[in-house]
Amino acid sequence: MQKKLLFAGPVGSGKTTAIAAISDSQPIGTEVPLSDGAMGDKTSTTVALDYSFVRLENEVLHIYGLPGQSSLSFMREILVPGALGVVLLLDATSGTLYEDALGWVQSMRAAESQLKFVVGVTKTDLPSDYSINKLRSTLAPYSGIPVLSVDARERASVKGLLETLMVLS
Ligand SMILES: Nc1nc2c(ncn2[C@@H]2O[C@H](COP(=O)(O)OP(=O)(O)OP(=O)(O)O)[C@@H](O)[C@H]2O)c(=O)[nH]1
Ligand SMILES: [Mg+2]
């Protein structure tokens with residue numbers, strides 16, 4: 001059976017960047033320019049999905065990235081069936097980090113109750129008042145979700161998330 005994993009999380013958390021960093025081939029993307037102009041070096045947003053694959057310990061993992069925009073949340077119901085697990089990326093500099101964490105876990109578990117999660121917090125190199133302990137306690141009702149700090153631009157960092165998820169899945 002095909003091993004399917006999802007990258008989820010809000011706009012700008014690094015899903016498309018992480019998939020490009022980990023991929024064995026050029027990912028398939030559905031990027032359009034940001035309507036309000038660039039956010040730093042981010043100039044586009046995903047409007048349907050990202051797709052790529054990666055070989056990890058002799059297994060081929062099929063990787064799908066969701067769009068972060070809430071108006072495109074219907075893509076979750078389309079992409080969740082058959083997925084083994086979710087890499088949930090959250091942006092440390094976002095003022096809605098903790099609500100985002102709960103909202104994404106709740107909405108995706110509503111679509112598929114058995115989904116495994118690993119959380120990767122990006123942009124921890126930038127100034128913020130993000131606290132890993134507060135995030136862990138926010139997610140405590142969903143026991144067994146590891147929380148790691150990552151850089152979505154770094155292959156080794158993203159690979160660590162996938163390896164953690166595959167141990168759970
Ligand atoms: N400084 C810093 N920048 C990061 C880090 N991880 C990702 N980024 C940047 O954050 C931005 C993420 O953009 P995308 O990958 O398009 O985000 P996305 O989650 O796919 O967003 P949508 O498709 O719009 O939902 C890029 O500009 C990355 O270079 C990090 O750890 N530190
Ligand atoms: Mg994207």
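# Questions on a predicted model

In this predicted model, F7 has V87 as its bridge partner in β6.

Q: In what sense do β1 and β6 run, parallel or antiparallel, and how many bridges join them?
A: F7 is paired with V87 of β6. The two strands β1 and β6 run parallel. The number of bridges that join them is 5.

Q: Over how many bridges do β6 and β7 pair?
A: One place to look is L88, which stands opposite V119 in β7. The sense of the pairing between β6 and β7 is parallel. The bridge count for β6 and β7 is 7.

Q: What is the order of the strands in the open sheet?
A: The sheet is open and has 6 strands. Its pairing is mixed: β1 and β6 run parallel, whereas β4 and β5 run antiparallel. The order is β4-β5-β1-β6-β7-β8.

Q: Which strands stand at the edges of this sheet?
A: An edge strand here has a single partner strand, so one side of it is left without a neighbour in the sheet. Two strands fit that description. They are β4 (50-56) and β8 (147-149).

Q: By what angle are neighbouring strands of this sheet turned against each other on average?
A: Direction is ignored for this angle. The average turn between neighbouring strands is 25°.

Q: Which residue of β5 is the bridge partner of D50?
A: β4 and β5 are joined by 7 bridges. These two strands run antiparallel. In β5, the partner of D50 is G65.

Q: How many of the residues of β6 are buried?
A: A residue counts as buried if 20 or more other C-beta atoms lie within 10 Å of its own. β6 is mostly covered. The buried count in β6 is 9 of 9.

Q: Which element gives the largest share of the largest nonpolar core?
A: This core has 38 residues, and L6, F7, V87 and L88 touch the most other members. The elements that give two or more residues to the core include β1 (3-8), α1, β7 and α5 (155-168). The largest share is 7 residues, and it comes from β6.

Q: Which residues does L88 touch, not counting residues up to four places away in sequence?
A: L88 is one of the core residues that touch the most other members. L88 also stands opposite V119 in β7. Its contacts are A8, G9, W104, V105, F117 and V119.

Q: Is V121 buried or exposed?
A: V121 lies in strand β7 (residues 116-122). Its contacts beyond four places in sequence include L90, A92, Y130 and L135. V121 has 24 C-beta neighbours inside 10 Å, so it counts as buried.

Q: How far apart are the C-alpha atoms of V121 and V54?
A: Along the chain, V121 and V54 are 67 residues apart. In space, their C-alpha atoms are separated by 21 Å.

Q: At about what angle does α1 run to β4?
A: α1 lies across β1, β4, β5 and β6. Its buried residues are K15, T16, T17, A18, I19 and I22. That is 6 of 8, so α1 is largely enclosed by the rest of the structure. The angle of α1 to β4 is about 40°.

Q: Which element gives the largest share of the shell around ligand 1?
A: The shell has 22 residues, and T16, T17, T45, T46 and G68 come nearest to ligand 1. Two elements give two or more residues to it, α1 (15-22) and β3 (44-46). By class, the shell has 4 nonpolar, 11 polar and 7 charged residues. The largest share, 3 residues, comes from α1.

Q: How far apart in space are L34 and T46, C-alpha to C-alpha?
A: L34 sits in the loop between β2 (31-33) and β3. Leaving aside neighbours within four places, L34 is in contact with M39, T43, S44 and T45. L34 and T46 are 12 residues apart in sequence. Their distance in space is 9.4 Å.

Q: Near what value is the phi of N58?
A: Most residues other than glycine have a negative phi. N58 lies in the loop between β4 and β5 and is exposed, with 5 other C-beta atoms within 10 Å. Its phi is positive, near 65°.

Definitions and conventions. Residues are numbered from 1 along each chain as its sequence is written. Chains are lettered from A and ligands numbered from 1 in the order in which they are written. This is a predicted model: local features need pLDDT of at least 70, side-chain atom pairs count only at pLDDT 80 or more; totals for chains, interfaces and linings use all residues. A residue is near a molecule or strand if its C-beta atom, placed from the backbone, lies within 6 Å of it. Helices (H or I, at least four residues) and strands (E, at least two) are DSSP runs, numbered from the N terminus. Ala, Val, Leu, Ile, Met, Phe, Trp, Tyr, Cys and Pro count as nonpolar, Asp, Glu, Lys and Arg as charged, and the others, Gly among them, as polar. A residue is buried if 20 or more other C-beta atoms lie within 10 Å of its own, exposed if 12 or fewer, and partly exposed in between; C-beta atoms are placed from the backbone. Two residues are in contact if their C-beta atoms, placed from the backbone, lie within 7 Å. A nonpolar core is a set of buried Ala, Val, Leu, Ile, Met, Phe, Trp, Tyr and Cys residues joined through C-beta atoms within 7 Å. Two strands pair if DSSP finds at least two bridges between them. Axes are lines fitted to C-alpha atoms, for helices over the stretch in contact, and angles run from 0 to 180 degrees between N-to-C directions.
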